[in-house]
Structure formats: C-alpha cells, structure tokens
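Hi,

Here is the structure I promised to pass on. Have a look at it first, and then read on for what turned up inside.

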Amino acid sequence: MSFQIHQSQGGYEISHITAVIGRRHHFQRMNISYIGEQLFWGKAGNLLIIFAFTFSLLSMVSYLAAVRTGTKSWQKLARSAFLIHSISIIGIFGLLFYLILNHRFEYYYVWEHSNTEMPLRYILACFWEGQEGSFLLWMFWHIALSWVIIFTAGVWENAVMLFITMVQVFLASMVLGVVILGHKIGSNPFELLREHPDFANLPFIQLPDYLSRIKDGRGLNPLLQNYWMTIHPPTLFLGFAATVVPFAFSLAGLVRRKFAEWIVPALPWTFFGIMILGAGILMGAAWAYESLSFGGFWAWDPVENASLVPWMTLAGLGHVMLIYKHRQRSLLSAYILATVTFFLVLYSTFLTRSGILGEASVHAFTDLGMSGQLVVYMLFFLVLAAVLMIRFRKGLITKNEDEDITSREFWMFMGMLVLVIGAMQITFTTSTPVINKLFGSKMAPPADPIDHYNRWQVPVAIIISLLIGAGQFFRYRKSDWRLVLKKLALPLLLALIISSASILVLGKFPPQYFALLFASLFAVLGNLDYLVKTLKGKWSSSGASIAHMGIGLILCGALISNYKKDVISRNVKNINLGKDFPNKENIMIEEKSDTLPMGKYFVTYKGNEKQGVNVYYTIEYFTSDPATGRKIKAFELKPLVQLNERMGNVSEPATRHFLSRDIYTHITYAELEEKSGKDSDDYQTAKDVEVGQGDTIVTSNSFVIFESLENKTKSDSLHLDPGDIAVAARLKVEDINRKIYEAAPLFIIHNYTIFTQDAEVNPLGLKFTFKKINPETGKITIAVSEKKENKKEFIIMKAIIFPGINLLWTGCILMIIGSLVAVRKRIRNLKKSA
C-alpha cells in the first residue's frame with residue numbers, strides 16, 4: 001500500500017465489520033438478552049440528561065420569577081435547581097469519560113470516537129471530537145462561569161442568570177435525543193450501537209453475542225491525535241462560553257432598566273473572553289502548524305474563520321465599552337456588538353455542525369439532523385435581543401456632542417468599525433454555502449481562499465496596526481496634535497528604518513505587504529514607547545500595551561513567515577516526480593544511498609521505524625565545512641506517518657526550531673507494505689494500487705501513469721466468445737532517465753469468469769496485473785510487482801523554511817499576558833467601585 005498526502009481528511013465510514021456483512025437486511029427485533037452489554041450506565045446517563053434539561057428549565061423559570069418579583073425565595077429555588085443541573089452535567093461528563101476509558105463499544109458514541117489502539121493521552125480528545133461531547137463541554141464551561149457570577153454579581157445575578165440558564169436550556173436540548181411529533185430533538189451520547197440507524201438493521205447486530213464480533217471502535221480522527229487537541233477545544237469553548245456573559249449582562253441591563261450600569265461589571269468578562277477566545281484560536285493555529293501538512297498555521301478554513309469573527313467583534317465590543325466607561329458614549333454600539341458577538345458564536349456552531357459546509361472544511365462535523373434546531377436557537381436569541389432593544393430604545397440613545405477627531409474615543413470607535421468591516425467580509429465569503437442554500441444561487445467559493453482573504457484583510461490589518469500603535473497617545477475628550485505627533489515621531493522613525501532595513505535581509509515586499517510590515521512594527525514600537533515613557537513600566541496599567549505589542553508581533557511574524565517562506569526541497573534527480581509531486585517542491589531520497597543537496601543543507605534518509613500506529617522516518621541534515629568540504633551532521637528530524645486503515649493515513653511534520661527560523665519537514669510519499677500474495681521466485685510481493693485516469697504509481701525505479709482504458713473485446717488473439725469482455729489498461733512507464741515504456745495488462749471476463757493477463761516491462765523488472773474495475777468511481781486496481789533486485793527503499797518529502805516564525809509565537813504569548821493583566825485591572829477596578 002502506498003501513501004500519498006496533500007491535505008488529509010478523515011472521511012466517515014462504517015467499520016470493517018459492516019463491510020463483511022456486505023448489504024443490509026431487515027430483521028424483526030427480538031426480545032433477547034445481549035451478552036456483555038452494560039446497560040446500567042446508559043440508563044444512568046439518560047436519567048442525568050433528563051435532569052440536566054429539566055432543572056435548567058426550572059432554574060430559568062425561577063430566575064424569571066425572581067426578576068419579576070424580587071423575592072429571595074425564587075432566587076434560592078433557582079440556585080438549587082441550577083446546582084442539580086450542574087451536578088447532572090458533571091455526572092454526564094464523568095460517565096461518558098468512564099465509558100470511553102473502558103471501551104464500552106455497546107454505546108455508539110464510544111465506538112465512533114475511540115478504539116483500543118489509541119494512546120491513553122488522547123482519551124479526552126475522544127470526548128469532544130463528537131457533536132454531543134462538544135455541546136457538553138460548552139455547557140460545562142457555562143456552569144463554571146455561572147457559579148462565579150452567582151457568587152460575585154450581587155444585584156445583577158437574577159437577570160444575568162435568567163439569560164444564561166435560557167442558553168443552557170437550548171444547549172441541554174442538543175443532547176436529549178428524543179423524537180417529538182416526528183422531529184428529533186438533539187442527539188443522545190448514550191445511544192446504543194445496536195439501536196443506531198447505521199447498525200440497527202445489520203444481521204449480526206441482532207445476535208446475543210454481537211459485542212464479541214466488534215473487535216474495535218472506529219477511533220479518533222488521526223488528525224486529532226495530537227496533544228494540542230487535548231487543550232485547544234476546551235480553551236476555544238471556554239472562549240465561546242465567555243461571550244454569553246456580556247450578552248447576558250446587556251439584556252439584564254434592559255430588563256432591569258439599568259441601561260448603562262451593566263457596562264462596568266461586564267468589562268472584566270469581556271476582556272476575559274477576548275483573552276481566552278484569542279488563546280483558543282492561537283492554539284488551533286499551533287495545532288495546524290504542528291499536525292497538518294499544508295505548510296502553515298492559518299489556511300482561512302471556514303471553521304477557522306467562524307471562530308475568528310466573534311473574536312474580532314468581541315474585541316470591538318471591549319473597546320466600545322471602554323469608550324462608554326470613560327465618556328458615556330456609544331451605548332447602542334455596545335448593545336449591538338454584545339448581541340452580534342453571541343449570535344456569531346451560535347452561527348459558527350451552525351456552520352460547523354449543520355453539515356452545510358460539506359467538504360469545504362476539514363474541521364466540520366457531519367449533519368446529525370440538528371440543523372433546524374440550531375436555526376431556531378440562533379433566531380430565538382437574535383429576535384429576543386432585538387425586541388428588548390426596540391422596546392427600550394429610548395434608554396439606549398445618548399445625546400452628546402460629536403467626538404473630537406483628536407480624542408482617544410474617536411480613534412477607538414474607528415478601530416471598532418474597521419474590525420466589524422473585516423468581520424463582515426470574512427462572514428460573507430464563509431457563508432457562501434448558506435447563501436446558495438437560502439437563495440438557490442450558485443456562488444462559487446474563492447478558487448484561492450488564502451489570496452482572496454489576504455486581499456481584503458491585509459488593509460484591515462494595516463489600519464488596525466496603525467491605530468493600536470498610535471491610539472494610546474491620544475487622551476480622552478481632546479488631545480494636542482503637536483504633542484501626539486511629537487510622541488509618535490520616534491516609533492514611526494524606528495519602524496520605517498527597521499522595515500526598510502529588513503528588505504536587505506528578506507528581500508523586497510509588494511507595496512501592501514511592506515505597508516503591513518511597517519504598520520505592525522509601528523504597533524510594537526509605539527506601545528513599547530508608551531509602556532516605557534508614559535506608564536514608566538507600571539505593570540498594573542500595562543495590559544493594553546503588552547497585548548497590542550503581541551498583536552503587532554503576530555501580524556509581523558505571520559507576514560514574514562508566510563510571504564518569505566522558502567521551499568528548499570527541490571528534486572535534483574533526473575526524473576519527473578509527476579503532477580502529484582511537483583519537482584520544485586518535493587525531493588526523492590533513497591535510503592542510505594543518497595546524500596542530496598537541499599538549500600544550504602545536505603540530507604540523507606536513514607530508514608524508518610514503526611512504533612504502534614506511527615511510522616517514523618529518520619532524515620539527517622548535514623552542513624558542509626567551508627574549509628575542508630567535509631559534511632558535518634547538523635540535526636535529525638523524524639516526520640511520521642500515522643497509519644489508519646479506516647480514515648486514511650496521515651502525515652505529521654517534524655520541525656527543527658531555531659531562533660530566527662523553523663525548518664519544517666513532512667513526508668509526501670512513502671511505501672507502506674501491503675501484501676496481496678506470495679513472493680514469486682523472481683518478483684517481490686505485489687502491491688495493489690487503485691488509480692484513476694491520469695494518476696501516478698511510484699515504483700523504485702520509475703513512475704507509472706494510467707492513461708486510459710482500451711476495449712479489446714474484438715481482439716482476435718484473445719479468442720473470446722460472444723458476451724465476453726476484455727479491457728486493457730494503457731500504462732506509460734517513465735524511468736529515471738526519462739525513457740518511456742508502455743504496458744497494457746488485460747482484464748478479461750470469459751464465460752462469466754474473471755481472468756487477467758499480465759504485462760511486463762523487462763528492462764525495468766516490472767510486472768502489472770489488472771485486477772479490478774470499480775464502475776462507480778471509474779477507478780481500477782493494478783497490482784504492481786518488482787523484481788527482487790529492484791528493491792530500494794525511498795521516500796518523497798517536502799521541506800520548508802519559515803523565517804521569523806518565532807515573532808508570531810512570541811506575539812501570541814504577549815497578547816495573552818497583556819489580556820490577563822487587563823482583566824486583572826478591570827477586576828480590581830470593579831472591586832473598588834463596589
């Protein structure tokens with residue numbers, strides 16, 4: 001079996017046990033006992049789900065009564081109900097984790113997301129890989145945040161918790177798994193395997209000992225078997241959960257007619273959300289960089305976009321709330337952004353879980369029939385917020401004079417507008433499948449998503465960088481232009497000098513990228529200057545400056561590492577690697593016999609080693625001593641291929657980190673032996689390869705291209721009878737000296753019996769057998785045999801140098817630290833005001 005990877009995707013398929021059965025039969029259900037099943041846990045889980053939903057509903061109703069009456073008894077009942085709801089969710093969490101840990105495959109969720117071969121450290125990732133688990137994770141974080149609110153919100157508790165429990169009711173309904181009036185409400189994580197539609201009608205599933213026939217589960221998607229997947233989803237969902245707090249506070253302000261007072265207690269929560277959601281997004285970028293083989297950390301994938309857009313509007317909300325806190329302006333904007341941010345989180349949930357993205361994203365879930373429920377969820381809270389804002393519109397309009405153009409609040413508001421415009425563009429393009437579905441249009445997604453989004457978002461990044469570099473030098477209300485320009489002169493000059501000097505090291509940039517380089521450096525230097533000269537290094541007030549420096553470094557690092565990345569793996573052999581492995585990006589290395597130049601290095605392939613489901617390929621990098629010419633070993637990398645028969649093999653890169661750059665290496669082709677017969681005297685064991693027209697088969701000494709099928713039914717030399725069929729597979733074989741050979745193995749059906757006629761290319765020691773035709777896909781299966789003396793282990797790999805990537809990772813750390821300092825300051829200010 002050969003392995004080839006461009007961008008790995010784990011497709012959905014039923015386990016090999018269903019393939020053995022072949023086709024479905026409808027059997028009448030029998031009242032029999034199933035050997036080995038542990039139904040108690042499922043019953044307990046279902047009871048906990050009912051408790052979670054019921055008591056979230058009771059808590060919501062009780063908080064509503066508490067808001068209307070103001071009595072402590074209703075608040076006490078609401079808290080008690082929410083406590084039972086919390087215990088129920090934690091119980092579901094623990095129970096499902098226990099079932100996954102113990103491989104209880106009688107439960108469909110356990111079978112679908114885990115198996116016995118998977119390392120124990122990825123058990124948690126199994127929990128939230130599925131939709132039900134991710135909804136439970138979301139509810140868990142709401143519970144954690146809610147108890148902080150209950151103990152700290154004071155007079156705001158009842159109204160704020162009313163809307164949070166309302167959200168919990170909707171989320172709890174997502175795991176109910178009941179049918180009401182013909183409509184399925186939610187998907188139950190404790191559904192039995194034998195009751196799931198994919199299995200219910202299979203013959204073996206009705207046998208009492210069916211569990212003994214299930215050797216293993218489907219398993220975790222190999223793309224998710226990475227340590228980042230144990231921390232990235234929880235962090236991201238904590239960020240999603242945090243957006244409900246400013247939204248709930250804003251609606252609480254309306255129902256309590258405290259139209260502006262909610263801003264101060266909601267500020268720490270807003271910046272907490274900015275910090276956590278930003279951290280979750282950046283962790284996802286780190287996972288993509290370390291685990292995926294597209295060569296980068298951000299691909300403008302629809303699901304990536306769906307998490308970025310709420311962060312952009314949440315950042316805009318935080319700054320608008322600061323404007324109101326200091327100048328009592330932009331109150332309506334704060335309400336709108338709080339609602340829009342929460343709506344966008346719900347919309348991202350819809351995009352990810354409705355199945356509407358199809359194959360547009362490697363992150364999207366399949367549709368479990370909850371898309372209608374998700375639409376109701378979104379529209380309910382959107383309409384609720386709109387109705388409340390319309391009803392109390394008079395309290396949201398502040399009558400103040402226009403902001404002075406030299407005021408800090410003016411430029412903060414401009415920054416918010418730029419963020420919102422950028423978010424709107426991303427949302428519109430990402431929503432192409434939704435627009436087509438709603439209006440019957442046939443809009444095509446951008447052919448090159450990265451180029452498309454960059455053309456729109458680079459100007460947004462330039463403006464934001466300039467604003468965050470200069471914004472803190474302005475005062476609220478009004479500033480002196482001359483004083484501001486005087487303070488900005490040094491960071492502007494330094495940014496211009498450094499960005500111009502960088503051309504000598506990195507080479508020229510297009511104008512828009514040079515502008516972004518200058519603006520991002522200005523953002524870093526401007527905030528550093530403000531931190532040192534104005535704040536005098538005062539730590540408690542430095543949060544904004546540190547976070548803004550982090551954002552500047554993220555943009556600067558992203559620009560340099562992406563635009564100036566250098567693919568150093570270029571094929572130097574006199575052989576065309578084919579369309580699947582462009583010669584300008586891939587290098588073929590034979591085991592132990594090749595030492596080939598690659599950039600300023602030389603590389604050698606030392607062999608591979610299998611550890612569990614992973615195959616590690618040892619690549620040694622050498623440098624040349626300029627004095628003696630002797631090769632000196634510089635370092636060693638071990639990229640791997642994770643074997644997964646059900647969802648496809650996945651290549652994971654290995655990276656060597658330097659202070660100024662990363663060298664990123666991953667396997668694009670490797671031989672993974674799959675025996676389909678016995679060795680003949682002269683030939684090695686044949687390997688079966690499924691190919692479509694134009695596809696390439698790689699052998700140890702040549703490339704084989706399947707060109708076409710040719711009807712040979714009328715060939716006299718075959719002596720066929722009427723009704724017989726003969727088809728030849730036309731193969732073009734190109735050796736390392738680019739000499740062309742042809743081969744045409746035959747597939748024959750004679751008297752309803754299949755025969756094959758091999759084709760040999762003797763100069764290359766190759767033999768081809770035409771084994772099978774798949775009429776549904778149009779692909780054929782060719783068995784390729786090589787003579788034993790041909791055997792040479794080789795790989796094809798790709799290597800990329802990412803310069804300046806550590807600027808990006810340093811920026812990530814600074815942004816999180818700065819946000820944390822800002823949250824701490826807001827909490828202290830809130831305590832002082834209380």
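A good place to begin is the set of residues N305, A306, V309, P310, L344, Y347, S348, L351, I426, T427 and T430, which line the largest cavity. Please keep in mind that this is a predicted model. The cavity has a volume of about 70 Å³, and a search of the whole structure finds 3 cavities of 30 Å³ or more.

Where does the lining come from? At least two of its residues are supplied by each of α11 (302–327), α12 (331–353) and α14 (408–430). Sorted by class, the lining has 7 nonpolar and 4 polar residues, with no charged ones.

Two of those helices are worth a second look as a pair. Packed helices in general are described by the angle between their axes and the distance between the axes. Here, α12 and α14 pack at an angle of about 25°, and their axes are 13 Å apart. Angles under 35 degrees count as roughly parallel, so α12 is roughly parallel to α14. The crossing of α12 past α14 is left-handed.

Which residues make the contact? From α12 there are S333, L337, L344, Y347 and L351, and from α14 there are F413, M416, V420, T427 and T430. This contact has 7 nonpolar and 3 polar residues, and again no charged ones. If you compare the two lists, you will find L344, Y347, L351, T427 and T430 in the contact and also in the lining of the largest cavity.

Enjoy exploring it!

Best wishes

Technical notes: Residues are numbered from 1 along each chain as its sequence is written. This is a predicted model: local features need pLDDT of at least 70, side-chain atom pairs count only at pLDDT 80 or more; totals for chains, interfaces and linings use all residues. Side-chain values use heavy atoms; hydrogens and water are left out. On a 1 Å grid over the protein atoms alone, a cavity is a set of points where a 1.4 Å probe fits but cannot get out, and a pocket is an open set with protein on both sides within 12 Å along at least five of seven lines; lining residues have an atom within 4 Å of a point. Grid points are joined across faces, edges and corners, and a volume is the space filled by probe spheres set on the points. Helices (H or I, at least four residues) and strands (E, at least two) are DSSP runs, numbered from the N terminus. Ala, Val, Leu, Ile, Met, Phe, Trp, Tyr, Cys and Pro count as nonpolar, Asp, Glu, Lys and Arg as charged, and the others, Gly among them, as polar. Axes are lines fitted to C-alpha atoms, for helices over the stretch in contact, and angles run from 0 to 180 degrees between N-to-C directions. Angles under 35 degrees count as roughly parallel, over 145 as roughly antiparallel, 65 to 115 as roughly perpendicular and the rest as oblique. A crossing is left-handed if the near helix is turned anticlockwise from the far one by less than a right angle, and right-handed if clockwise. Contact means heavy atoms within 4.5 Å.
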